[in-house]
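Hi everyone, thanks for coming. I'd like to walk you through one model today, so have a look at the screen.

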Amino acid sequence: MLMNAATSTSQLIRIVFLGDLNGGPGRTALRHGLPHVHSTYSPHCVVANAENLKNGSGITPDLYAAIRKDGLDGVTLGDHVYRDRKVLPLLENPAEPISRPGNLSEHAPGKRFFRIELPSTPGEPPVTVWFFSILGRVGMGLPANDPFAAADEILASIPSPSNTRPIVFVDAHMEATAEKAALAHHLDGIVTAVLGTHTHIPTADARVLPGGTAFQSDVGMCGPYDSIIGRDPEPVVRHMRTSVHTPYTMGQGGERISGACVEVDVSTGRARSIRSIVYPEFDNGI
Ligand SMILES: [Fe+2]
Ligand SMILES: [Fe+2]
């Protein structure tokens, strides 16, 4: 939920971005993990990619309402964006903080980005945070336009506060780590954070790039980690071993939330720090 955390002395805010929210186990992880996130990081807002919310693929208005009630302030989406068409009016509604990927066809329905206005803090100017996702072109099922050009185009339409850059979070929804890193370096110093999603596995490379953009190749998923990226292992292994089409089912067990907390200097729009989040932590057997 939006929090009135103190910014009066530092002009620092903290934004938590969570990776792909995966089915019912993802919601379970979210409900159990959000209290920990709030007590540990005191975020000013929490946003997640929720492309896998409907049993692993897509999202519906009812599920969107449910996770908003659970405590999410906004939602980005990926290649599963249109798996359930009931989401279309929601994507078209300018008042709802949910957007489709920003580099689909010009005829694709839905907003390309959204903004969240943080609750004002006494003595401080209002703070707006912008979010959008961008699909990769390497190894993705849904055709997409040039991620770099699309990001530049969206950024050109985002207004800058006077004397500084806007606070912008980019969800790099891509398969290839190199493509995610390339987008992050292209946008270094221009956006606040480039955070990877889609591969569902948290990477150990969270850092602030030289220009001040926070980056992590993949922030992981919120869902069942006793699985193959959210799916029951048995049919996935059988499919890979036999090549015969096999319906996948949701995995279960090992529910965790995963994401990143980015500390932002409001006066510059740049990231001060990034900390990856996995909760509960993995058991390394040590
Ligand atoms: Fe996903
Ligand atoms: Fe995806």
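Before we start, a term: a residue is buried under 20% relative accessible area, exposed over 50%, and partly exposed in between, using a 1.4 Å probe and protein chains only. Please keep in mind that this is a predicted model, where local features need pLDDT of at least 70, side-chain atom pairs count only at pLDDT 80 or more, and totals for chains, interfaces and linings use all residues. Residues are numbered from 1 along each chain as its sequence is written, chains are lettered from A and ligands numbered from 1 in the order in which they are written, and side-chain values use heavy atoms, leaving out hydrogens and water.

Now, the metal site. Which residues are the protein donors of the iron ion (ligand 1)? They are Asp20 (OD), Glu51 (OE), Asn52 (OD1) and His200 (NE2), at 2.0 to 2.3 Å from the ion. Donors here are N, O and S atoms within 2.8 Å of the metal (3.2 Å for Na, K and Ca); water is not among the atoms, so sites may look incomplete. Along the chain, the spacing reads D-x30-E-N-x147-H.

Glu51 also bridges to the iron ion (ligand 2), with 3.5 Å between the two ions. Glu51 is buried, at a relative accessible area of 1%, and Asp20 is buried too, at 0%.

Let's finish with Gly102. This residue counts as buried, at 1% relative accessibility. The C-alpha atoms of Gly102 and Ser133 are 5.9 Å apart, although 31 residues separate them along the chain.
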